[in-house]
Amino acid sequence: MEKIKSPVGRVFIHVVLISFAIYSLMPFFWTTLQSFKNLKDANSRTPKIFFTPTWENYQELWLRSMPENGAAIAYFLLLAVVILICLLLFAEYIPIRNGVVYAVVAVAFVVLLWGIPRLVDTSKFYDYFINTIIVTVGTVVVSISIGCLAGYSLARYAGLAAVFILIAALGFRALPRLAFILPYYWIGSATNLLDTHLLVILTLVAVNQPFTIWMLRSFFMEIPKELEQAAMVDGCNRLTAFTRVIMPIMWPGIISTALFTLLLAYNEFLLVRLLAQTNWTLPVAISRFTGGEDPRHLTLAAASAVSATIPIIVVILFFQKNLVKGLAAGAVKG
Amino acid sequence: MNRSTFFRFAAPSIIMMTLLMVIPLLMAIWLGMQFMTYTNINEPQFVGFQNYIDVLQDSRFWQSFGFTALYMVVVVPAQLIIGFTIALLLDQVSGFTRGIYLAIFLLPFIIVPIVGTLMFKQLFEPSGLITYLYQTILNTKFRFNEVSVKVLILINGIWYVTPFAIVTYFAGIQTLSQDLLEASSIDGANRWYKIRHIVLPHVQSLTIFILLISIMDAYRIFDNVFVLSELNPIYKADTIMTYNFQTAVTVQRLGKANAMAVLTVIGIMVVLIPNLIQSYKEQVEER
């Protein structure tokens, strides 16, 4: 549509947009402030916008006891993380193959995560954070691997069986989760798998599979058939044509789908809450901070909420384009 | 691609969905016919349709059904109207400013629902920012009670789902035919006329799409109710899902909870099946 030109109109547009932005941002703004306050400031009846910030809530959340050389360790960890993120951002400009750089960074992150509890005395919250990473990565890897195969075949096979599977998947996606989770609980207790990462990952994969195959299928549809037909004429079979010709150009679509799967797994509350009694992920751990009479809950809840949000914001910043593309093109949501 | 190759490629996914979606759903029907708690989970006692009858005669179930319906009736239209308005306004700004607005508007959508609601709730705690403003402006104390908790759940619901409508509508508006808009300008159409007769018909399929997704999401709303009401019965703010959860976890009647889950599945089928038949026809045509 053509733009409104009158100054009054322009001002009106921005006033509405800014009001909506305030509505969107207010909870983030306030909670971040609360998380840096000491207990007295946070519980003050007249809200304090200006105060002396403190790290004590984050310390209490993540650490069981404060190490003597705490500041030095904190700076070292911060430096390590910044270096790794820079490596990721500037991988293209390093004269080594991108894949190698990514692999090195991934290994370094794992070593770092493994090393932290050995350097400092971390609390339970750190364990929940690690659980979340294991569950999220596991779900994304399994879900995308089997989803790619299915999505590709659904995009290429014209038979009625493909249509039937797609429609059945669409139906299953819309059903309330508890109808699956309660039987999972029964299966879990019969097979002694309750409270294991394996059960949580497998069930999350299954619950998200309909969404994954629909989205991947729509990306595979965009790739012309002639491409793999040419490869098959040149001596590839269906599988090698798929792995060598189709997969390399599918990366943007795979990243978009993986991003949504990652969000779904990272956000899942109900399933983990019912299937894991001790091996919680972050949403379940954080839900424990709501309510209760303990005044510390207020600031700890704020610190935990901010802590759980930062990793997601970092991931989204990296893959912003894929997120918007997935939202606009895929027209699907968890 | 022939039939056998298709099944070989799709097998892992089909097996996964059969084992962990089709079979559990059938199991839920059977588990709903047992008297089962956490203590006798391995030797449940068969009671036939008693659990299903219990659920249908349970006044709290119908109460939670009522609140879920209210949530749907308020949040879904609000999401459509606000989403469309903001998308139209967003179309009026361009470049860097637009990117900033879009990034801010997307935040509530990206964040973990539990965490987002918890952040939202912090504003309304006794020491919260809104609590303070409410008291200064209206000169009455803000309290969590039946009405305020329900209103908060609705406002929070709109906060959480609107970004999805904004982005979808915004993407739709970008694909408008410029020729059509110019032609209508030459014919002397004003802005309202264009919005009503060109933009709205253009995004109609998106409206139906958002409508379906958000009806289904509203039907299974759980996370934000869990945080805001803390499942406290004095607020009478249970939704179908939170009441179902309580039946399984707090009351520990697993059989009845399964029966309730099956009944909610049957309930959503009313909306779902006509839509599935429609998509089936479309897919067969597209083939």
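Biologist: How many salt bridges does the count come to over all chains?

Modeller: This is a predicted model, in which local features need pLDDT of at least 70, side-chain atom pairs count only at pLDDT 80 or more, and totals for chains, interfaces and linings use all residues; side-chain values use heavy atoms, with hydrogens and water left out. Residues are numbered from 1 along each chain as its sequence is written, while chains are lettered from A and ligands numbered from 1 in the order in which they are written. A salt bridge is a side-chain nitrogen of Lys or Arg within 4 Å of a carboxyl oxygen of Asp or Glu. By this rule the count over all chains is 13.

Biologist: Which residue forms a salt bridge with A:Glu228, with the closest N and O atoms 2.8 Å apart?

Modeller: The pair links distant parts of the chain, 72 residues apart, with A:Glu228 in helix α10 of chain A and its partner in helix α6 (residues 124-156); helices are DSSP runs of H or I, at least four residues, and strands are runs of E, at least two, numbered from the N terminus. Both partners are buried, meaning under 20% relative accessible area, with exposed over 50% and partly exposed in between (1.4 Å probe, protein chains only). The partner is A:Arg156.

Biologist: Which residues are linked with A:Glu228 in a network of salt bridges?

Modeller: A:Glu228 also meets a side chain in helix α11 (residues 238-267) of chain A, 10 residues apart, with an N to O distance of 3.1 Å. That second partner has a relative accessible area of 17% and is buried, and A:Glu228 is at 2%. The residues linked with A:Glu228 are A:Arg156 and A:Arg238.

Biologist: How many salt bridges are there between chain A and chain B?

Modeller: The contact (heavy atoms within 4.5 Å) takes 106 residues from chain A and 109 residues from chain B. The two chains bury about 9,900 Å² between them, 77% of it on carbon and sulfur atoms; buried area is the accessible area (1.4 Å probe) that two parts lose on being put together, summed over both. Between chain A and chain B the salt bridge count is zero.

Biologist: Which backbone oxygen does the side chain of B:Ser127 reach?

Modeller: B:Ser127 lies in the loop between α5 (113-122) and α6 (129-138) of chain B, and is buried with a relative accessible area of 2%. Among the residues that B:Ser127 touches are A:Trp30, A:Gln34 and A:Leu298. At 3.0 Å, the side chain of B:Ser127 reaches the backbone oxygen of A:Ala42.

Biologist: Why is A:Cys148 not bonded to A:Cys236, and how far apart are the sulfurs?

Modeller: A disulfide is a pair of cysteine sulfur atoms within 2.5 Å, and the search of the whole structure finds zero over all chains. A:Cys148 is buried, at 5% relative accessible area, whereas A:Cys236 is partly exposed, at 22%. There is no bond because the closest cysteine sulfur to that of A:Cys148, in A:Cys236, is too far away, at 18 Å.

Biologist: How far apart in space are A:Ile223 and A:Ile249, C-alpha to C-alpha?

Modeller: A:Ile223 is placed in the loop between α9 (197-221) and α10 (225-233) of chain A, and counts as buried at 9% relative accessibility. A:Ile223 touches residues including A:Arg156, A:Ile249 and A:Met250. A:Ile223 and A:Ile249 are 26 residues apart in sequence, and their distance in space, C-alpha to C-alpha, is 8.4 Å.

Methods. A polar contact is a pair of N or O atoms within 3.5 Å; within protein, one must be able to donate a hydrogen and the other to accept it, and residues adjacent in sequence count only if both atoms are side-chain atoms. Lists of a residue's contacts leave out its neighbours within four places in sequence.
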